[in-house]
Amino acid sequence: MKFSGLRVLKEGLTGNVGWTPHWRDPEPKPEYDVLIIGGGGHGLSTAYYLAKNHGMTNVAVLEKGYIGGGNIGRNTTIVRANYFLPGNSEFYSHSLKLWEGLEEDLNYNVMHSQRGIINLFHSDGQRDAFVRRGNAMVNQGDDAILLDREGVRAHLPYLDFENTRFPIYGGLYHPRGGTARHDAVAWGYARGADMRGVDLLQNCEVTGIDIENGTVRGVQTTRGAIRAKKVGIVVAGRSSQVAAMAGMRLPIESHVLQAFVTEGLKPCIDHVVTFGMGHFYISQSDKGGLVFGGDLDFYASYASRGNLPTAEHVMEAGMTLMPMIGKAKLLRSWGGIMDMTPDGSPIIDKTDTEGLFIDCGWCYGGFKAVPASGYAFAHLMATGQLHETAAAFRLDRFRTGRGILDEEGTGSQHNLH
Amino acid sequence: MRLTCPICGARDRREFYYQGDAVALDRPAPGAGVQAWDDYVHLRDNPAGPRRELWHHEAGCGAWLVVERNTTTHEVHGVTLAMAVAEARR
Amino acid sequence: MRIDGKGLIDRAQPLRFQFEGIGHTGFEGDTLASALLAKGVRLMGRSFKYHRPRGVLTAGSEEPNALVTIGRGAAQEPNVRATMLEIYDGLDARAQNAWPSLRADAMAINDVAWPFLGAGFYYKTFMWPRGFWERLYEPLIRRAAGLGALSGAHHPDRSEKAYAFCDLLVIGSGPAGLAAALTAGRAGADVLLVEEDSLFGGRLNAETFEVDGLAGPDWAAQTVAELRDMENVRLMTRTCVVGAYDHGTYAAVERVGPHGARRPEGGVAETFWRIVAKRAILAAGAIERPVAFENNDRPGIMTASAVRAYLNRWGVASGQRVAVFGNNDDAHRTAVDLEAAGVEVAALIDSRAEIAPPDLNCPVYAGAMVTGSAGRLGLKRISVKTGRGNKDIEVDCLAMSGGWNPTVHLTCHMNGRPTWRADIASFVPTPGSIPGLVTAGACNGDFSTQACLKAGAEAAAAVLKDLGLKASGGARLAEAEDSPYRIAPLWAVPGTGRAWLDFQNDVTVKDVKQAAVENFRSVEHMKRYTTQGMATDQGKNSNVAALALLADATGRGIPETGTTTFRPPFSPVSLATFGAGAQGIGFAPQRLTTSHGESIARGAPMIEAGLWYRPSYFPQKGETHWRQSCDREVGYVRKAVGVCDVSTLGKIDLQGPGAAELLDFVYTNTFSTLKVGRVRYGLMLREDGFVMDDGTTARLGDQHYVMTTTTAAAGAVMRHLYFVHQALCPHLDVRFTSVTEQWAQFAVAGPKSRELLNGLLDQPVDNETWPFMACGDMAIGGIPGRLFRISFSGEHAYEVAVPARYGESLFKRLVARAEAMGGGAYGMEALNVLRIEKGHITHAEIHGRTTAFDIGFARMLSAKKDCIGKTMAAREGLVDPGRERLVGLKPVGGDSVLSAGAHLFDTGVAMTRETSLGYTTSAVFSPTLGHHIALGFLQRGPERMGEVIRCFDHMRGLEAEVEVCPPVFVDPDGGRTRG
C-alpha cells in the first residue's frame with residue numbers, strides 16, 4: 001500500500017477499514033542468504049539497503065523483542081553532520097544526504113526536520129575548536145556558520161546572556177541539522193524492507209552463533225536454528241554479549257545515557273541547542289515536549305534507567321543556560337544502553353570469522369547514522385568491500401593506532417567520550 | 001546509587017569517580033606484546049551481570065576502590081581498597 | 001453546588017479567584033477543581049488533538065483534562081492540574097489550548113475531521129512536495145500541538161534542594177501509610193512520612209468510612225497528632241515521591257510555599273529532596289479507571305471516586321442530577337453518599353447482571369451499560385442499554401468506575417514489571433522490584449480499609465525486624481470496614497462510536513484496534529503509534545484498559561500482552577525545581593585567585609578558565625581595544641617586567657622515599673636524576689600513548705617534589721597519580737596532596753625581573769646561585785616562600801610562591817614595583833601571545849589526539865625506563881611520519897591575519913576534506929615580530945620547513961599564504977631565558 005494524503009482522505013471517507021499491516025509477521029524459514037541480528041534502526045536499515053541496493057531479499061532480521069525497541073526508540077532524535085575528523089566527516093555527510101530524501105525513499109513520513117543546530121561555545125579556546133570543526137564541515141561540503149554572541153541572540157533570544165556561569169561567546173550553526181521522529185524511522189525502514197521481501201522475525205532471540213572451521217553457518221534462536229551464509233551483528237547495547245557467542249571480545253563498555261521529555265508546550269524552542277560547558281542539549285518535539293539530555297551516567301550499566309545525580313545535573317545545565325524553561329515540567333526520563341568505544345567512534349567491519357560481520361560501537365550518536373550505517377553495512381555484507389564512506393570504522397584501529405577517531409580527545413577510557 | 005567506601009562509609013555516588021573494569025590493575029609488562037596491551041587498554045568482557053570495576057573516592061579520601069557490582073541490577077556485592085588488592089598481587 | 005455541613009474546607013475563610021476572567025469565591029481547603037465544581041463550572045479545558053470540551057475527570061495528580069495556566073508575565077505557569085492547585089486570593093487561572101475562547105475553540109474543527117486524523121495518520125502523509133515539511137506542514141502541526149505556553153521570560157521563582165536520611169520512608173498517608181508510620185514510629189524507628197496531598201489521610205478524607213468508631217478524617221487527624229508527638233517521626237505534606245533510584249535513594253518534590261500572593265517575596269516555591277532510606281513502604285493507594293463508551297469524555301463525566309471526593313472532602317455536588325455507572329461494588333458507594341447528602345441520583349447502572357445493590361431511592365439497572373452521552377459543553381444526557389431496552393436519562397454528571405488500578409508506578413522505576421491479578425482485574429507490584437521497598441494497602445491490591453490498616457502495620461513490623469528494632473507490644477489494630485472488592489472487567493462498552501481511553505491525547509478504542517490491524521501489536525508499538533499513555537498523566541488513567549483492549553484485538557491474554565514501563569517522575573516536576581540552584585551563576589562553583597579583587601579593581605575583564613576566573617587584560621586609559629592592552633602587556637615582558645598570577649596551575653606536593661620512582665613512572669622523562677634545587681619540564685602520557693599533560697616539577701629535597709600541572713588537567717592528574725600509586729605501584733612509599741589553593745604563585749617575567757625581585761627578597765638572587773631552572777626557598781619580609789626560575793614567556797623569568805594568605809599583598813607589591821620599572825601586570829591574552837611566540841604548547845595543542853611524536857618531543861620518551869603510555873605510544877599508527885605534526889606558521893609578506901581553527905592546504909588545490917593537510921591550533925598577532933604567527937599541525941610538518949602553503953578559515957572568511965617554520969618564533973636559542 002502506498003501512503004499519501006490522498007490515501008488518508010480515502011480511508012477516512014470509507015471508515016478507515018482498508019488499512020493493512022505495515023509489515024508481516026512471518027514464520028522463520030530454515031535458511032536465509034543473510035541474517036541480521038538486531039531489529040533496531042541500524043539492523044532494519046541494513047536489511048532495507050541489502051534489498052534495495054543489492055537485490056538481496058532472502059534476508060531475515062532477528063529481533064529479541066519488538067522491532068525498533070532499542071536505542072532507535074529511546075533517543076533524542078538529533079540528526080546532524082558536524083564531525084571534523086576525516087573518517088567521520090564523510091560518513092555523517094552521507095547519512096545526512098540520505099536523510100534528506102528518506103521520506104520519498106521509504107514512502108513514510110519520518111518527520112525529518114532541518115530546523116538547524118546551534119552548538120554554543122563559552123571560551124576563546126572552544127571557539128577555535130568549533131572553527132576548526134566548522135571549516136572541516138565546509139571542506140566536506142556540508143554547511144556551518146560561525147555566530148558571534150549577537151548572532152546567537154538573534155536565533156535564541158531566550159538564553160541567559162547576562163547572568164550565567166559560563167557566558168555565551170557564540171555558536172556554530174549547522175542549518176541542515178535537525179531532528180526526526182525516531183520511531184517512524186524504524187517503522188519506515190521495517191516496512192520498506194518487508195515490502196521488498198525481508199522477513200522481520202520478532203520475539204526471536206539469538207542464543208548462539210554457529211561457526212564451523214572459521215566460517216559462520218547460522219544461528220540458534222528461541223524460534224529454532226536458522227542457517228545462513230552471512231550473519232551481521234547489529235545489536236547496539238548488547239554487542240559484547242552477541243559477539244561473545246562468536247568468541248569475540250570487543251573494545252566496548254556499555255553505559256547508560258539518559259533522555260528527558262517535558263509536558264507538551266506551545267512552540268518555544270525552534271532549533272536544536274547544545275551547551276558545551278554543561279553537557280546539555282535540547283529541542284522541542286512537534287508534539288510540544290521539550291526533549292533534552294546530557295552526559296552519560298558514567299558507570300557501566302545494562303539497566304536502561306538513569307541515576308539521579310546525572311538527571312539533576314542535566315536540569316541544572318538547562319536552568320543556567322535557558323532559565324525560561326523553569327516552569328516546564330519533566331514528564332518522563334529514560335535510559336538507553338550505549339556501546340562506548342575507546343575513541344567514541346563506531347565499528348563497521350568484517351570479523352575474523354568468515355561471513356560474520358559487525359556494526360556496533362555507536363556510543364550515543366547512532367540515531368543520525370541509521371541511514372548511512374545500514375547503507376555501508378549492507379554494502380560490506382553484500383560485496384565484501386568496505387563502503388568508501390565508512391572505510392575508517394575498522395575493528396583493529398585500536399591495536400594498530402591507525403585511524404583512531406577520537407573527536408573529543410578524551411582517550412581510551414570508554415566512558416569519557 | 002551509594003557506595004560504601006572502606007575508609008569513609010556509605011556515601012552518595014556524587015563523591016565517586018568511575019574509571020572502568022578492574023582489569024586496569026593488571027598492567028602488562030612493557031614487552032608483553034600487542035595483544036596483551038590491546039586487551040589491557042581497549043578490549044573488555046563487558047558482562048551484563050556481576051563484574052569488578054575501579055572507582056575513586058575523589059570527593060572523599062582519595063582511595064581507589066575495587067567495586068564488585070552487577071551491571072544489570074546495580075547491586076553492589078563488595079568494595080575493597082584497590083591498594084590492598086594490588087599489594088596482595090605482588 | 002456546595003452541600004451544607006460537608007467537607008474539610010474552612011468556610012470562615014473565603015478566597016477570591018478568577019477562572020477564564022470570571023471571578024469566583026471558594027474556601028480555604030479548596031482546589032481549583034473543587035471550587036469551580038462548587039460554582040457549577042464543568043468546562044475546564046480542551047483535549048490535545050481534537051480540542052474536545054473537557055471537564056475535570058479525577059480529584060488527584062493524575063488529572064488529564066483540567067490543566068490550566070496560572071500567573072502572568074514571567075510567573076506564567078502552564079499545565080497546572082486544577083485538582084492539585086490549592087486556591088488563594090487573587091489566583092488567576094486560564095484554560096489552555098483553546099482559541100479564541102474555551103467555549104468557542106476554532107481548532108475544534110479537528111473533531112469534525114477525526115476520520116482523517118486517526119492513529120498515526122501523520123506517518124502516511126505530509127510528504128509531498130519535498131521540502132514542504134519544514135516550510136508548511138511542520139509549522140502548522142507545531143502551532144496546533146502543545147498544551148499551555150511558557151512565558152519566554154527567565155524563571156522568576158526560587159526553588160532549592162535538600163537531602164534527608166531515615167530508617168523508614170513511608171510513601172502515602174492513607175490508612176496503610178498511617179498504620180505503617182504508627183507501628184514504626186512507636187518502635188522508635190527514624191520515620192519519614194510523606195504525603196502528596198495537602199492533608200494526611202488519603203481516601204479516608206474522601207470517603208465516609210469510620211475507623212475505630214471515628215469518622216475517617218478524624219481518625220487520620222488523631223493518628224497524625226500522635227505521630228507529631230514522636231521525635232523520631234517527621235511528617236511532610238505536599239510532598240510527592242517522584243522517583244525510586246538505586247540503593248534506597250528516592251527523589252521527592254515538596255511544594256513549600258503557597259502559590260502566588262501568599263508566598264513571601266523571595267520565598268522558596270518548591271524543594272527537591274533526595275531521600276536516602278534504609279527501608280521504604282509504598283502505600284500510594286490506587287487510581288480509579290474510567291470506562292470506555294461512546295463520548296465518555298464530556299464535561300460532567302468523572303470517575304466515581306472523584307465524585308465522592310468532591311462530595312465528602314470538599315462538600316461539593318459535582319452535579320444536580322447524577323448517574324452512577326460501574327462494574328464493581330465500590331461504585332455503589334457513590335450513589336449511597338450522594339443520596340445521603342441530598343443529591344439526586346438518577347440511576348445506578350452496573351454492567352454486572354448479578355449484584356447486591358445497597359438501599360437506594362434511585363432506580364438500579366443491573367446488567368446494563370451506558371452506551372453514549374450528549375451535551376457539547378457539558379453532559380446533558382446518557383444513553384443506557386438495559387436488559388429491557390434502551391433508555392435515555394437526563395443527568396449533568398455521570399460517576400463512572402471501571403475498577404481500581406493500584407498505584408504501582410514507583411515499583412517500576414527500576415525496570416520492575418507489575419504482576420497481573422485476575423481476581424481484581426489489575427496489576428499489582430511484583431515483590432522485590434525496588435530493593436528495600438515493600439508495598440502495602442491499595443497499591444498492593446488490598447482495597448478494604450481494614451485490609452489497608454493491617455497491611456500497613458504488618459509491613460512496618462517486617463521492616464522493623466530488618467532494621468533490628470522491636471515492634472512495641474500490645475498495639476491493637478484499628479477496626480474499619482472490610483467489604484470485599486467485587487468486580488467483573490469492563491474495558492469498553494461495545495459500540496461503533498468513538499470511546500476515549502487516553503483523554504488528553506484523544507486516543508480512542510478505535511485507534512487501539514486500528515494499531516492492531518496495522519500490526520502494531522506489541523504494547524510498546526501500540527503506545528508509540530497511537531500515543532496512548534504518553535500524555536501528562538503517563539497513562540495512569542488509561543493504560544490498563546488500552547492494553548486489555550489490545551490483548552482482545554490480538555487474541556492474547558493481558559499478561560502475555562505485557563505492559564509499557566512507568567518511568568520517573570511519578571508526577572511531573574518543574575525543571576526549575578529539578579535543577580534548583582543552578583540558574584544564574586549557581587551551576588558550577590567559582591574558584592577565585594588571591595589577586596581576583598585587585599584584578600577587578602584594575603578593570604580587568606575576567607574570563608573563565610575551567611572553574612577559575614583569570615584576568616583577560618588590564619586596560620589603561622585611552623585603550624579602546626583589547627589588542628592595545630595586550631600588545632602593551634607583551635611589551636612589559638619583552639622589554640621590562642610583567643607580573644601574572646599563575647596560581648590556577650595545579651600544584652601537587654609529593655613526599656617520601658618513593659616520590660622519585662613514582663615521577664619516573666608517570667613522566668616520559670626522568671626525575672630521579674634531577675638535582676635538589678632544580679626544576680625540570682615533564683611530559684605525561686595517558687596509558688593509550690597520547691599526551692595527557694605537561695608542566696614543571698621542582699625537587700625541593702631528596703624526597704620532596706612539587707609538581708605543576710596545567711590549570712585544565714589539575715584534577716585529572718591528581719586522580720591519575722592516586723591511581724598509579726595505589727593500583728600499579730603500591731610498594732612505593734610516597735604521599736602526595738594537592739596544594740593548588742595553599743600557594744599563591746606569580747610569574748615575574750622580563751629582563752628586569754631579577755631587579756624587581758631583588759628589591760623584595762630578603763636574600764637577593766643572582767645568575768650563579770639561581771640559574772635557569774633553579775628553585776628553592778626564599779623569604780619576603782620574613783615570610784617564607786618559594787622561588788622558581790622558570791619561564792613560560794621565553795624571557796628571564798621567575799615564579800614566586802607564597803602561602804595563599806599573602807597572595808593579594810604580594811601581587812599588589814609586585815605590580816607596583818613593576819609599574820615603577822616600566823612594566824606592570826599582564827593578563828591571559830598577553831600570556832598567550834608570549835607563549836606562542838616562544839612555541840610553548842597548551843591544551844590547544846595537546847588536545848588529546850596528539851602524541852609526543854606529533855609535538856616534536858619524541859626524544860623525551862626515555863629509553864631507559866618504562867612509563868605510563870610508553871608501550872602504546874609506540875604503536876605503528878602513532879609514530880607514522882605522515883601524521884599531522886607541530887609546526888610554526890607565519891604569513892608570507894607579513895600582513896595577513898592568521899586564525900586558530902583554520903585548515904591547511906597546498907597552494908592551488910581545491911579545499912576539500914581530502915586535501916586538508918592540517919589545521920592551526922593557536923594564532924595571534926605578535927607585537928614582538930610585528931605580524932601574525934600561528935602554531936598548527938601539518939602532515940609531515942617537520943619535513944616541510946620553509947615551504948609555502950595556504951591557510952583557510954571559511955568560518956571567519958580569512959585566507960593566507962603561510963610559510964612553514966619551526967614553532968619557536970622568538971629567541972629560539974633560549975639566550976634570553978638564561979641570561
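**Figure 1. The segment of chain A annotated as a Rhodanese domain.** In an unreviewed entry, UniProt lists residues 34–78 of chain A as "domain: Rhodanese". The structure shown here and in the other views is a predicted model. Over residues 34–78 of chain A, helix accounts for 31% of the chain and strand for 20%. The C-alpha atoms at the two ends of this segment lie 30 Å apart.

**Figure 2. The two domains of chain A.** Domain 1 of chain A is made up of residues 5–77, 183–251 and 343–416, while domain 2 comprises residues 113–177 and 253–340. Taken over C-alpha atoms, the centres of domain 1 and domain 2 of chain A are separated by 28 Å. Where the two meet, 16 residues of domain 1 of chain A are in contact with 17 residues of domain 2 of chain A. The side contributed by domain 1 of chain A contains five nonpolar residues, ten polar residues and one charged residue.

**Figure 3. Strand 13 of chain A and its two partners.** Strand 13 of chain A, residues 272–275, is covered on both faces. A:V272 and A:T274 are buried on one side, and A:V273 and A:F275 are buried on the other. In a regular strand, side chains alternate between the two faces of the sheet. Strand 4 of chain A (residues 117–121) runs parallel to strand 13 of chain A and is joined to it by four bridges. Strand 14 of chain A (residues 280–284) runs antiparallel to strand 13 of chain A, with three bridges between them. A:V273 stands opposite A:I118, and its bridge partner in strand 14 of chain A is A:I282. Strands 13 and 14 of chain A form a hairpin with four residues between the strands, in which A:H279 takes a positive phi near 50 degrees.

**Figure 4. The contact between chain C and chain A.** Here 94 residues of chain C are in contact with 95 residues of chain A. Helix 3 of chain C (residues 132–144) provides the largest share of the chain C side, namely six residues. By class, that side of chain C has 40 nonpolar, 32 polar and 22 charged residues. Strand pairing also crosses between the chains: strand 16 of chain A (residues 329–340) and strand 31 of chain C (residues 573–574) run antiparallel and are joined by two bridges. In this pair, A:K329 has C:S574 as its bridge partner.

**Figure 5. A barrel in chain C and the helices packed on it.** Six strands of chain C close into a barrel in the order 45-48-47-46-49-50, with antiparallel pairing. Neighbouring strands are turned by 40 degrees against each other on average, direction ignored. Helix 5 of chain A (residues 124–140) packs on this sheet, touching strands 46, 47 and 49 of chain C. The direction of helix 5 of chain A makes about 45 degrees with that of strand 46 of chain C. Helix 20 of chain C (residues 828–837) also packs on the sheet, where it touches strands 47 and 48 of chain C. Its direction makes about 115 degrees with that of strand 47 of chain C. Strand 49 (residues 948–953) and strand 50 (residues 958–965) of chain C pair over six bridges, and C:D953 stands opposite C:L958.

**Figure 6. The contact between chain B and chain A.** In this view, 19 residues of chain B are in contact with 23 residues of chain A. Strand 3 (residues 17–21) and helix 1 (residues 34–41) of chain B are the elements that give two or more residues to the chain B side. That side of chain B divides into six nonpolar, seven polar and six charged residues.

Technical notes: Residues numbered from 1 in each chain as written. Chains lettered and ligands numbered in written order. Predicted model: local features only at pLDDT ≥ 70, side-chain atom pairs only at ≥ 80, totals over all residues. Buried ≥ 20, exposed ≤ 12 C-beta atoms within 10 Å, placed from the backbone. Pairing = 2+ DSSP bridges. Contact = placed C-beta atoms within 7 Å. Nonpolar A, V, L, I, M, F, W, Y, C, P; charged D, E, K, R; others polar. UniProt positions renumbered as here; feature names shortened; annotations may be inferred. Axes fitted to C-alpha atoms, helices over the stretch in contact; angles between N-to-C directions. Domains from an automatic or database assignment.
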